[in-house]
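Here are my notes on this model, point by point. Please read them with the coordinates open.

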Amino acid sequence: MVRITDVARRAGVSPSTVSYALSGKRPISPETRRRVEAAARELGYRPRTGAPPHDGAKVLAVAAPLRGGVDVPAAMRLTQSLVTAARGYDHDVLLLTHEEGLTRLRGPAPADALLVLDIGLHDPRLPLLRSLDHPVVLLGLPADPRGLTCVDLDYRAAGEACVHHLARLGHRSVALAGPPPEVYLRETASARRLVEGVTAAAHRHGLASSAHPTEPSPPAARALADRLLRAHPAPTAVIVQNDPLLDPLLTAFRQFGLRIPEDLSVVAVGTDTPATITSVPVPSAELGTRAVHLLMRKHSGTPVPETTLLRPHLTERGSTSRA
C-alpha cells in the first residue's frame with residue numbers, strides 16, 4: 001500500500017506538502033504541485049477519503065515519555081516553552097507521556113503535528129516517526145538525522161567550550177559528572193554528545209578526562225566526590241550535566257574540605273544553574289520556540305532545514321579559577 005510518505009520521498013517534499021498539493025487546502029507553487037502529482041501518479045497513490053482535514057485539529061502532540069533518569073523539572077520547562085510557543089500559533093498541546101503514545105498518530109489522529117523529546121542516538125522510534133503522515137520535529141539530534149527535522153543545543157560544542165575554558169585556566173585533569181546510568185544506556189543524544197565534546201577537547205588540549213554517570217542523590221554525590229578525590233590524577237575541575245546533582249555534589253566536596261573555586265573549579269551544563277556557577281545554559285525557551293516555528297513551517301508546506309543546532313554560550317562566574 002502506497003503511503004503519503006512514499007509520495008513525499010519521491011517528490012522531495014514533506015508529507016504535509018503532498019497533502020496540501022493534492023487537497024488544495026493551502027497554496028502550493030505550480031512547480032511543486034506538478035512534482036507531487038507526478039509522483040502520486042507514478043506510485044499509484046490515492047488519498048484516503050473521509051479523513052479529517054490535515055490542518056483542522058489545531059493541536060500539536062508532544063511525545064515526552066516519563067522514563068527513568070529523566071530530569072522532570074527540566075523536561076517540564078521545555079514542555080512549558082512548547083505550550084507557550086504553540087499558543088502563539090493558536091494551537092493547543094496534547095501531551096503523550098507513554099511510550100506507546102505515538103501509535104495514536106498513525107492515520108487520522110487528534111493532532112496534526114508532532115514534537116518528540118528525549119531523543120536517543122539510535123532511537124527505536126525513528127522508523128515510526130519517518131513513516132508518519134503528520135509533520136514531525138525532534139528536540140534532539142540522533143546519529144542519523146536523514147529525513148527528519150531536528151533542533152537542539154549543540155551539546156558536543158558545549159562540552160568542548162567547557163574544556164576549552166578550563167584548559168585556558170591551566171587545568172590538566174577534568175571529570176564529567178553526568179546524568180544517571182540509564183540515560184547513557186538509552187544513548188540519550190544530549191548526554192552522549194556532551195561526553196564526545198568533553199573527550200575530544202580534552203584530547204586536543206592534552207588533558208586527562210573521565211565521565212561518571214551519577215544518580216542525583218546526596219549519597220551518590222558523596223560517593224562520587226570521594227572517588228574523584230582518590231583518583232590519580234585527581235581532577236582539578238568538574239563539569240556537571242545533571243541539575244539536581246549539582247547542589248549535593250558541591251556540598252560533598254565542601255564536606256571533604258575543598259574550597260570552590262580555590263581547590264576545585266566547577267562548570268555546569270543545564271537549565272537551572274545558580275547564578276554563582278560558571279555554566280553553559282540549556283536555552284529551553286529558545287528551543288521550544290524554534291521547534292514550534294519549524295513545525296508550523298512544515299505544516300504549511302514550507303521547506304525547513306534538516307538540523308538546527310543552537311550555539312552554546314559559556315558564562316564565566318565565581319566557580320572557576322586558575323588551577
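1. Start with L264. Its relative accessibility is 2%, so L264 counts as buried, the cut-off being under 20%. Keep in mind throughout that this is a predicted model.

2. Where does L264 lie? It belongs to the loop between helix 10 (243–255) and strand 9. Setting aside neighbours within four places in sequence, L264 is in contact with P235, T236, A237, V238, F253, L258, R259 and S319. H171 is 93 residues away from L264 in sequence, yet the C-alpha to C-alpha separation is 9.7 Å.

3. Now the sheet. Five strands form an open sheet in the order 7-6-8-9-10, and the pairing is parallel. Strand 7 (208–213) and strand 10 (278–281) are the edges; each has a single partner strand, so one side of each lacks a neighbour in the sheet. On average, neighbouring strands here are turned by 15 degrees against each other, direction ignored.

4. One pairing in detail. Strand 6 (residues 173–178) and strand 8 (residues 237–240) run parallel and are joined by four bridges. Within this pair, L176 of strand 6 stands opposite I239 of strand 8. Helix 8 (residues 189–205) packs on the sheet and touches strand 6, strand 7, strand 8 and strand 9 (265–270). The direction of helix 8 makes about 165 degrees with that of strand 7.

5. A further helix meets these strands. Helix 9 (residues 218–230) lies across strand 6, strand 7 and strand 8. Its angle to strand 7 is about 160 degrees.

6. Next, a helix pair. Helix 6 (residues 155–168) and helix 8 have axes that come within 7 Å and cross at roughly 35 degrees. Is the crossing of helix 6 and helix 8 left-handed or right-handed? It is right-handed. The helix 6 side of the contact includes Y155, R156, E160 and H164. Among the helix 8 residues they meet as a group are R193, L194, E196 and R204.

7. Look at helix 2 (residues 15–23) as well. Why is helix 2 described as largely enclosed by the rest of the structure? Seven of its nine residues are buried, so that description follows. The buried ones are P15, S16, T17, V18, S19, Y20 and A21. They pack against helix 1 (4–11), helix 3 (30–43) and helix 11 (284–299).

8. Last, the rings. How many aromatic pairs does the structure hold? The count is zero. There is, however, a charge over a ring: the charged end of R222 sits over F256, 4.5 Å from the ring centre.

Note on methods. Residues are numbered from 1 along each chain as its sequence is written. This is a predicted model: local features need pLDDT of at least 70, side-chain atom pairs count only at pLDDT 80 or more; totals for chains, interfaces and linings use all residues. Side-chain values use heavy atoms; hydrogens and water are left out. Rings of Phe, Tyr and Trp (its six-membered ring) pair if their centres lie within 6.5 Å; planes under 30 degrees apart count as stacked, over 60 as edge-to-face and the rest as tilted. A charge sits over a ring if NZ of Lys or CZ of Arg is within 6 Å of the ring centre and within 35 degrees of the ring normal. Buried means under 20% relative accessible area, exposed over 50%, partly exposed in between (1.4 Å probe, protein chains only). Helices (H or I, at least four residues) and strands (E, at least two) are DSSP runs, numbered from the N terminus. Contact means heavy atoms within 4.5 Å. Two strands pair if DSSP finds at least two bridges between them. Axes are lines fitted to C-alpha atoms, for helices over the stretch in contact, and angles run from 0 to 180 degrees between N-to-C directions. A crossing is left-handed if the near helix is turned anticlockwise from the far one by less than a right angle, and right-handed if clockwise.
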